[in-house]
Amino acid sequence: MAERTLKPVSRALAALFVIAAANPAKAEKLVFDHRLYPPLKAVLDGGDPAMIAYNASNPRYVVDLIAVKGKSASDWTEALEIIARTPAKQVRTAREWADELRSKDERACRATTLPIAEDSASLTFERQSPGCKAARAPVAITRVVAGKRSLFLLTVLFKSEPDAAAREQWLALLRSARIE
């Protein structure tokens, strides 16, 4: 199967694919079809470690950032951020995490949040915050997926408004995300 699973596939990408819950014996993993957005597939298949930033300093909140367009994970114009989080007392569901994110965004600057899709285990929304210097990107499309022991967040970050084709491809990729 050509789906991207969050398991090691190469030395350069190993960090990206270890996102799992804190207890490895009961780990849930996030899978998504990376082929649905060709520029992401090219970066992942290219194996350039400069395009990926991995932060597992807090094993209950593991973050990967993949620069999809740009020079590196610290100098990008389009990126995919993946966060694996162990549910906390106040944040146990996709809705609660989305509400927490929205609250933080509203404190930082004025942002518009547009709901895209929601089901019993996931929530997808777009955040637009043009002109906000506190935002890492003026446009972000996020999908939060809840498992029994994990929460996963996939956010596509855009430094400028995405074209319609890119937006639709990203939405298809986000819809493909699920927990196994």
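Phe-152 is located in strand β9, which spans residues 151–158; strands (E, at least two residues) and helices (H or I, at least four residues) are DSSP runs numbered from the N terminus. The residue is buried, its relative accessibility being 0%, where buried denotes a relative accessible area under 20%, exposed one over 50%, and partly exposed the range in between (1.4 Å probe, protein chains only). The C-alpha atom of Phe-152 is separated by 7.2 Å from that of Leu-30, although these positions lie 122 residues apart along the chain as a sequence separation.

The structure is a predicted model, in which local features need pLDDT of at least 70 and side-chain atom pairs count only at pLDDT 80 or more, whereas totals for chains, interfaces and linings use all residues. Residues are numbered from 1 along each chain as its sequence is written, and side-chain values use heavy atoms, with hydrogens and water left out. The chain has a mean pLDDT of 81, and 76% of its residues reach 70 or more; pLDDT is the predictor's confidence in each residue, from 0 to 100. Among the elements of the chain, helix α3 (residues 164–176) has the highest mean pLDDT, 97, and strand β1 (residues 4–5) the lowest, 44. Over residues 1–25 the pLDDT is below 50, and this stretch has 59 contacts in the model beyond near neighbours in sequence, a contact being heavy atoms within 4.5 Å.

An open sheet is formed by seven strands in the order β3-β4-β5-β9-β8-β7-β6, with antiparallel pairing; two strands pair if DSSP finds at least two bridges between them. Strands β3 (52–55) and β6 are the edge strands, each pairing on one side only. On average, neighbouring strands of the sheet are turned by 15 degrees against each other, direction ignored. Axes are lines fitted to C-alpha atoms, for helices over the stretch in contact, and angles run from 0 to 180 degrees between N-to-C directions.

At one edge, β3 pairs with strand β4 (residues 61–72) in the antiparallel sense over four bridges, and Tyr-54 has Asp-64 of β4 as its bridge partner. Helix α1 (residues 38–46) packs on the sheet and touches β4 and β5 (75–85), its direction making about 105 degrees with that of β4. Helix α3 also packs on the sheet, touching β4, β5, β6, β7, β8 and β9, and its direction makes about 15 degrees with that of β8.

Strand β7 (residues 122–128) is mostly covered, six of its seven residues being buried. With strand β6 (residues 112–118), β7 pairs in the antiparallel sense over six bridges, and the two form a hairpin with three residues between them. Within this pair, Thr-113 has Arg-127 of β7 as its bridge partner. Strand β7 also pairs with strand β8 (residues 139–146), in the antiparallel sense over seven bridges; here Phe-125 is partnered by Thr-142 of β8.

Six salt bridges are counted, each defined as a side-chain nitrogen of Lys or Arg within 4 Å of a carboxyl oxygen of Asp or Glu. In one of them, the closest N and O atoms of Arg-35 and Asp-33 are 2.7 Å apart; Arg-35 is partly exposed at 39% relative accessible area, whereas Asp-33 is buried at 10%. Glu-78 and Lys-69 form another, with a closest N and O separation of 3.7 Å. Glu-78 is buried, with a relative accessible area of 6%, and Lys-69 is partly exposed at 33%. Arg-178 and Glu-180 likewise meet in a salt bridge, at 3.1 Å from N to O; Arg-178 is partly exposed at 31%, as is Glu-180 at 44%.
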